[in-house]
Amino acid sequence: MQADQSQLQTSEPIRLDVRTASLADVKAALRAGLRDLGKRPALSIFFGLIYALFGATLILGLANFEQIWILVSVAVGFPLVAPFLAAGLYEMSRRHSRNEPYTASDIFLVIFNQQRRQFGWMSFLVLFIFWIWAYQVRLVLALTLHYSSFRSIDHFFDSLFTTGEGATFLLLGSLVGAVLATILFTLTVIAMPLLLDKNVDVVTAMITSVKTVLQSPMVMLGWGAAIGALTLLAIAPLFLGVIILFPILGHTSWHLYARLISEEQ
C-alpha cells in the first residue's frame, strides 16, 4: 500500500498537446465514426436504442403527469446528457483504433468502472447544467406566459407559435439555452473521451477541453451546433432517428478527440 502511495506521489502529471482543429479533422473523424458503426453495428445501435428509449420514456412520463412546461426543457435539453451516455461508444472506438478485440461485456464493464474514476464528477456537471436548463425554462415561462393554464400539449404549442408571448418565450429560452449548451459543450467535448482514455483529473480534462475550443472556435463550435441541430431533428420523429444518430456522433466524437489531443513526448 505504501509503495502504491509512493508511486502516485512521484509520478509526473500527463502533459497534453492540443492541435488546432480544421474542417478536414471533423470530416475524417466522421468517416472513422461511420466505419466504427459498421464494424459492430448491433452493439453501437444498442446504445442508441437505450438513449432513445430513455428520452421517449421520460417525455411520455411527463406528458402523462401533465407536466407540459417541463416537456420543452427536457426535449430541447435532453441532448446535453449525451456525452455521459456515450462512454460505451468511446470505448468501442478506442479499441477499434488500437485493434484490440472486445466483447459486449468488456464494454459494459468499462462503463461500470467509470464510477470509480473522475468520469462521475463530469457526469454530475452535465446533469447539474441540465437541471439549470430545466429551471430556466420555468423562469422564462413565468415571465412570458405567466404560468398560463394549458389544457393539453396542443394548446401549449398553439400558445407558443400563435401568440406574441409565446414568441418571446421561444426567443428568450433559445438564447439562454444556447449559452448553457455552449458552456457545457466547451467543458465536455474533449473532457469526456479524455477522462475515459487517460488517467487525468476532471479539472485537467475540462481545461484541456476549453483550450481545444478556444484554439479552434469556429470549427469546434460549428461542430457543437451541428450536433445540437442534428439531434433535435432526430428526436422529432418519436426519437427514432436518435437510434442511428447517437452512435454515429459518439464514435465521431472519440475520433475527433484522438486527432486533436496527444501526450507530449
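**Exercise 1. The chain as a whole**

Among contacts in the protein chain between residues at least 6 apart in sequence, what percentage join residues at least 24 apart? Describe the overall content of the chain as well.

*Solution.* The model is a predicted one. Step one concerns contacts: 77% of those between residues at least 6 apart in sequence join residues at least 24 apart. Step two is the secondary structure, where the protein chain has 14 helices and two strands. Step three turns to burial and surface. Of the 265 residues, 46% count as buried. The accessible surface of the protein chain is about 14,200 Å², and carbon and sulfur atoms account for 66% of this area.

**Exercise 2. The nonpolar core**

Identify the residues with the most contacts inside the largest nonpolar core, and the helix that gives the most to this core.

*Solution.* The largest nonpolar core contains 58 residues, and M220 and V242 have the most contacts inside it. The helix that gives the most to this core is helix 14 (residues 242-260), with nine residues. Next, consider the surroundings of M220. With neighbours within four places in sequence left aside, M220 contacts A21, F185, V189, T212, V213, L256 and L260.

**Exercise 3. Helix 6 and L249**

Determine whether helix 6 is largely enclosed or not, and then describe the position of L249.

*Solution.* Begin with the count for helix 6 (residues 87-97): ten of its eleven residues are buried, so this helix is largely enclosed by the rest of the structure. The buried residues are A87, G88, L89, Y90, E91, M92, S93, R94, R95 and H96. After helix 6 comes N99, which has a positive phi near 55°.

L249 lies in helix 14. Its relative accessibility is 10%, and because buried means under 20%, L249 counts as buried. The C-alpha atom of L249 is 9.1 Å from that of L89, although 160 residues separate the two along the chain. Not counting residues up to four places away in sequence, L249 touches W223, I227 and T231.

**Exercise 4. A surface patch**

Which residues form a nonpolar patch on the surface, and is W131 buried, partly exposed or exposed?

*Solution.* The nonpolar patch consists of W121, F124, F128, W131 and Y135, which together have about 640 Å² of accessible area. One of these residues, W131, is placed in helix 8 (residues 119-144). For the classification, W131 has a relative accessibility of 48%. Partly exposed covers the range between under 20% and over 50%, so W131 counts as partly exposed.

Terms used: Residues numbered from 1 in each chain as written. Predicted model: local features only at pLDDT ≥ 70, side-chain atom pairs only at ≥ 80, totals over all residues. Heavy atoms only, no water. Patch = residues over 30% accessible without salt bridge, like charges linked within 9 Å, V, L, I, M, F, W, Y side chains within 5 Å. Areas by Shrake-Rupley, 256 points an atom, 1.4 Å probe, with all protein chains shown as cover. Salt bridge = Lys/Arg side-chain N within 4 Å of Asp/Glu carboxyl O. Helix = DSSP H or I, 4+ residues; strand = E, 2+ residues; numbered from the N terminus. Buried < 20%, exposed > 50% of the residue type's maximum accessible area, 1.4 Å probe, protein only. Core = buried A, V, L, I, M, F, W, Y, C linked by side-chain atoms within 4.5 Å. Contact = heavy atoms within 4.5 Å.
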